[in-house]
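Trainee: I would like to go through this model step by step. Please give the reasoning before each answer.

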Amino acid sequence: MRRLCIFATHHQFQCDDPMDSAFHTNLCAVIEQYKVDTVCEEATGLPPKSCVESLADGLGIRWANIDLTVDERKLLSDRGDGDQIQDLDLFEQRENKWVERISDAVTESGLLVCGMCHAFTIAKKLRGLFDVTLHVYDPRRIYDWSGRPRIAVKQK
């Protein structure tokens, strides 16, 4: 059975140029461990060439944007507000297209780099087609928890 490693992360890491060194180290380790032949990426809306695509190019590995293009998205209704309210039907349609595109792209062993909110739903959809492994790249060091404003607690 073909293998697929899902590498779910914050999209900011995909936009960084130059690439975050820890992100790079983790991606390279996964690519080596799984002997990846194709890197698939949720890349619509990212810079013209994401750092993940540049990494794949440098390693001589095939790369594919598996997300819907801007024009393809315009053909679907979106009841979300572009911020906090998400349209689950659109989410479902996007991931269903991803499954098709990933299945077409990956020969033996693939890597999918996508946003964290897709981690479990896309893994479930791909389990019948691939031996799926899920990595969630969410390093604590990216959060600056110090100095955040707090809500004052009123004394009763």
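Trainee: What covers the buried residues of α6?

Mentor: This is a predicted model. The buried residues of α6, which spans residues 119–126, are Ala 119, Ile 122, Ala 123 and Leu 126. What covers them includes one helix entry, α5 (88–105), and strand entries as well: β1 (3–9), β4 (109–115) and β5 (131–136).

Trainee: Why do the buried residues of α6 lie on the same side?

Mentor: The residues in question are Ala 119, Ile 122, Ala 123 and Leu 126. On the other side of α6, Phe 120 and Lys 124 are exposed. The buried ones share a side because the arc they cover around the axis is only 105 degrees.

Trainee: Are α5 and α6 parallel or oblique to each other?

Mentor: The two helices pack with their axes 10 Å apart, at an angle of about 45 degrees. Angles under 35 degrees would count as roughly parallel, and 65 to 115 as roughly perpendicular. The angle between α5 and α6 therefore makes α5 oblique.

Trainee: Which residues in α6 are met by residues of α5?

Mentor: α5 passes α6 in a right-handed crossing. From α5, the residues involved are Phe 91, Glu 92, Glu 95, Asn 96, Trp 98, Val 99 and Ile 102. In α6 they meet Thr 121, Ile 122, Lys 125 and Leu 126.

Trainee: Which strands are the edge strands of the sheet?

Mentor: The sheet is open and has five strands with parallel pairing, in the order β3-β2-β4-β1-β5. An edge strand here pairs on one side only. That applies to β3 (62–65) and β5.

Trainee: By how many degrees are neighbouring strands of this sheet turned against each other on average?

Mentor: The strands concerned follow the order β3-β2-β4-β1-β5. With direction ignored, the average turn between neighbours is 20 degrees.

Trainee: How many bridges join β1 to β4?

Mentor: In the order of the sheet, β1 stands between β4 and β5. On the β5 side, six bridges join the two parallel strands, and Cys 5 has Thr 133 as its bridge partner there. On the β4 side, Arg 3 stands opposite Ser 109. β1 and β4 also run parallel, and the number of bridges joining them is seven.

Trainee: Which residue in β5 stands opposite Phe 7?

Mentor: β1 and β5 run parallel and are joined by six bridges. Opposite Phe 7, the residue in β5 is His 135.

Trainee: What angle does the direction of α5 make with that of β2?

Mentor: α5 packs on the sheet and touches β1, β2, β3 and β4. Its direction makes with that of β2 an angle of about 165 degrees.

Trainee: How many of the residues of β1 are buried?

Mentor: Across the protein chain, buried residues make up 38% of the 156 residues. Buried means under 20% relative accessible area. β1 is mostly covered, and of its seven residues the number buried is six.

Trainee: In what order do the elements of the protein chain run from the N terminus on?

Mentor: The protein chain has six helices and five strands. Of the contacts with a separation of 6 or more, 76% are between residues 24 or more positions apart. From the N terminus on, the order is β-α-α-β-α-β-α-α-β-α-β.

How values were computed
Residues are numbered from 1 along each chain as its sequence is written. This is a predicted model: local features need pLDDT of at least 70, side-chain atom pairs count only at pLDDT 80 or more; totals for chains, interfaces and linings use all residues. Side-chain values use heavy atoms; hydrogens and water are left out. Buried means under 20% relative accessible area, exposed over 50%, partly exposed in between (1.4 Å probe, protein chains only). Helices (H or I, at least four residues) and strands (E, at least two) are DSSP runs, numbered from the N terminus. The arc is that of the directions from the helix axis to the C-beta atoms. Contact means heavy atoms within 4.5 Å. Two strands pair if DSSP finds at least two bridges between them. Axes are lines fitted to C-alpha atoms, for helices over the stretch in contact, and angles run from 0 to 180 degrees between N-to-C directions. Angles under 35 degrees count as roughly parallel, over 145 as roughly antiparallel, 65 to 115 as roughly perpendicular and the rest as oblique. A crossing is left-handed if the near helix is turned anticlockwise from the far one by less than a right angle, and right-handed if clockwise.
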